[in-house]
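Welcome! Here are some short exercises, each with a worked solution. Take a look at the sequence and the structure first, then try each task before reading on.

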Amino acid sequence: MVQKYESPVRIYKYPFELVVAAYERRFPTCPQMPIVLDCEIIEDNVFDNGARRDTKRRCKIAVEAPYLIKKIIGVDVVFFIQQNFLDMKTRTLNIEATNESFATRVEIFEKCRYYAHPENPDWTCFDQTATLDIKNFFGIEHSMEKMGMKQYTQTTLKGKEIIEFFVNELKQEGITHVDRWVDDATVTSTTAGAATNTTPPEKPPLCRDNSILDADYIAKYLGQLTPLQESKLVQLRKRFEHGTSEHPEPDYQTLLRFLRARDFSIDKATGMLQESLQWRKEQRIDSILGEYKTPAVVEKYFPGGWHHHDKDGRPLYILRLGTMDVKGLLKSVGEDELLKLTLHICEEGLRLMKEATKLFGKPVWNWCLLVDLDGLSMRHLWRPGVKALLRIIETVEKNYPETMGRVLIVRAPRVFPVLWTIVSTFIDENTRSKFLFFGGPDCMHAEDGIEQYIDTDKIPSFLGGSCNTLIHEGGLVPKHLYKSESIEETNGAIQAHDHHGLYKAVDLKPGQLFELLIRNTDPKSVLTWDFEVLKNDTLFAVFHTEKEIEQSGNDDFSSVFDGPDFKEGTNYKKIEQSVKCRPKEGVQGSHEMASTGTYVLQWMCPPSCDGPAQLMYFHEILSSANYKGSMTSLQSGFSSNSLQSR
């Protein structure tokens with residue numbers, strides 16, 4: 001069994017250079033760690049004009065174990081190999097240590113990191129991980145595992161005290177500041193009046209005739225790639241060589257995202273990326289981070305913002321959609337401005353992903369979105385608002401593929417599946433698989449709650465955590481801030497062409513029925529519906545039965561339950577009571593399919609109608625695998641004449 005230790009991030013309120021100077025004083029011996037008997041330098045190399053230093057030490061460690069264990073293993077000391085990789089230019093110190101003694105029986109691997117604080121350059125961060133795998137150790141493996149991790153934990157807790165001790169020792173010697181590293185060659189060239197930019201351009205990370213990417217670059221910035229994927233990435237890069245200042249050459253992270261979005265088809269990725277680059281040029285996207293000015297109404301009433309990282313190091317964006325006044329924002333700034341706001345957020349996300357890659361020392365090429373739906377109601381289904389949302393989704397899907405790592409939908413109310421029914425079909429299937437839904441009020445502590453994905457101390461206070469955020473609640477936009485009344489509420493549903501044929505039309509003669517049979521094999525999945533009555537009154541109801549039934553194909557004026565084998569309340573029941581829907585009314589609803597069997601959506605044109613009824617409908621099932629939490633049934637709700645938006 002592998003034992004693993006991971007320390008929380010420690011903060012030293014000293015600059016990185018001073019912490020490194022204090023760290024160097026720990027060698028060859030340290031009074032606070034008497035078990036370290038000696039450390040001998042066996043390799044020491046300096047590179048890049050003093051910017052980098054790689055040091056390898058062989059350390060002699062006293063065995064702290066009961067007498068009996070010492071007798072069994074026959075030694076009082078063990079040896080470890082420690083390698084330090086110091087980079088003064090990037091202000092990072094990476095430390096790796098492995099055991100030399102008993103290496104065939106025990107595997108110990110420790111990794112530590114000192115690095116400049118990402119938000120305060122005068123502070124230093126430290127984190128540490130270690131694994132202990134005892135495979136065969138004289139029959140006392142279990143005892144050694146427990147003892148080893150206990151002693152290791154106790155030793156690591158002394159680490160911060162040791163740095164503080166040597167920092168104070170430096171201060172007593174009058175050393176309170178250590179200058180940052182400066183490239184002497186760059187300083188000399190600049191002083192002599194050479195070109196302002198003396199740093200040579202970064203060479204493409206290719207080797208072997210520019211056909212294979214550098215392995216270290218892949219590991220640090222791209223993650224795992226198969227040889228075939230690597231080859232296709234290089235081929236795609238060659239198609240976009242010779243960029244200009246107006247049309248820069250895409251970096252490898254961008255190329256890889258577009259390749260992944262098109263299943264590593266070079267031709268398809270090329271077409272998609274070419275269209276996106278042209279769009280970026282036309283919309284001046286490369287300048288948006290510097291030029292975009294957030295409208296005052298957005299700053300005050302848009303409830304979203306960046307908030308730390310998730311447990312995988314992804315930048316975390318929080319949107320409190322349930323408290324957003326969609327109608328007010330649209331009427332105040334317009335659809336184009338909300339789209340521009342979204343694009344600014346996406347560009348910030350790209351920048352934060354690059355920063356996270358440097359911060360965590362591993363590839364971070366997507367971000368995490370947490371959407372709080374507390375307060376979501378039928379007013380959010382205001383048609384122009386949904387239409388604007390669909391436009392935003394379409395734009396983001398085309399131009400920022402594979403940037404969404406995980407989407408956490410929390411405190412989802414009963415009405416949410418209706419909105420999901422409408423928008424989900426516009427989201428790429430791969431992206432849809434990254435959505436997780438939490439329906440109960442306690443999304444933090446519930447089984448498999450958001451604590452599985454976000455550190456407890458980073459969960460916002462409005463979700464039950466301890467972390468305060470600058471993300472406000474949104475709220476109603478005052479009507480005096482509305483700039484235009486041109487966005488009209490429409491009584492009609494989003495038309496079929498907006499859904500690329502998702503809605504189907506049905507004509508019903510007076511007294512005629514239309515029944516949709518849905519066979520469910522996934523308990524706890526959610527059935528959702530959205531339909532629009534275009535002409536004449538229509539009755540709607542939902543039924544459930546566990547008895548096998550077949551769709552009636554002969555008599556459109558009879559229900560599947562009209563046969564002698566069915567009796568209401570015995571082998572089938574009405575789970576959503578009949579509602580009467582009038583022309584130009586949109587109706588949305590959802591029902592948690594708690595059991596298997598057949599669910600029936602039924603529409604009927606009342607016999608008393610003076611003419612045929614006409615409707616357009618759409619339904620979808622939200623699987624239980626993607627939905628976490630409780631959901632009670634939702635009676636059908638009206639969203640047009642009967643329920644107006646704010």
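**Exercise 1. Find out how the buried charge of E515 is placed, and which polar partners it has.**

Step 1. Begin with the charge: E515 is buried yet has no salt bridge. The nearest side chain of opposite charge, K574, is 10 Å away, and a salt bridge would need a side-chain nitrogen within 4 Å of a carboxyl oxygen. Keep in mind that this is a predicted model.

Step 2. Now look for polar partners. The side chain of E515 makes a polar contact of 2.7 Å with the side chain of S559. A polar atom of the E515 side chain also lies 3.0 Å from the backbone nitrogen of V560.

Step 3. Finally, place the residue: E515 belongs to strand β17, residues 513-520.

**Exercise 2. Starting from β17, work out which strands pair with β22 and whether β22 is enclosed or open.**

Step 1. β17 and β22 run antiparallel and are joined by eight bridges. As an example, R519 has T598 in β22 as its bridge partner.

Step 2. Strand β19 (residues 538-545) is also antiparallel to β22, with seven bridges between them. Here F540 stands opposite W603 of β22.

Step 3. Turn to burial: in β22 (residues 597-604), seven of the eight residues are buried, so the strand is largely enclosed by the rest of the structure.

**Exercise 3. Describe the length of helix α7 and decide where its buried residues sit.**

Step 1. Helix α7 spans residues 227-239, which makes 13 residues. From first C-alpha to last it reaches 19 Å, close to the expected 18 Å.

Step 2. Its buried residues are E230, L233, V234, L236 and R237. They cover an arc of only 160° around the axis, which puts them on the same side of α7.

Step 3. Check the other side of α7: P227 and L228 are exposed there.

Step 4. A general rule helps: an α-helix has 3.6 residues a turn, so residues three or four places apart point the same way.

**Exercise 4. Look at the backbone of P28, D263 and K524, and say what stands out.**

Step 1. Recall the usual case: most residues other than glycine have a negative phi, and most peptide bonds are trans.

Step 2. The peptide bond from F27 to P28 is cis, with omega near 0°. P28 lies in the loop between α1 and β3.

Step 3. D263 has a positive phi, near 50°, and sits in the loop between α8 and α9. With 69% relative accessibility, D263 counts as exposed.

Step 4. K524, in the loop between β17 and β18, has a positive phi near 80°. At 46% relative accessibility, K524 counts as partly exposed.

Notes
Residues are numbered from 1 along each chain as its sequence is written. This is a predicted model: local features need pLDDT of at least 70, side-chain atom pairs count only at pLDDT 80 or more; totals for chains, interfaces and linings use all residues. Side-chain values use heavy atoms; hydrogens and water are left out. Helices (H or I, at least four residues) and strands (E, at least two) are DSSP runs, numbered from the N terminus. The expected span of a helix is 1.5 Å times one less than its number of residues. Buried means under 20% relative accessible area, exposed over 50%, partly exposed in between (1.4 Å probe, protein chains only). The arc is that of the directions from the helix axis to the C-beta atoms. Lys and Arg count as positive and Asp and Glu as negative; His and the chain ends are not counted. A polar contact is a pair of N or O atoms within 3.5 Å; within protein, one must be able to donate a hydrogen and the other to accept it, and residues adjacent in sequence count only if both atoms are side-chain atoms. Two strands pair if DSSP finds at least two bridges between them.
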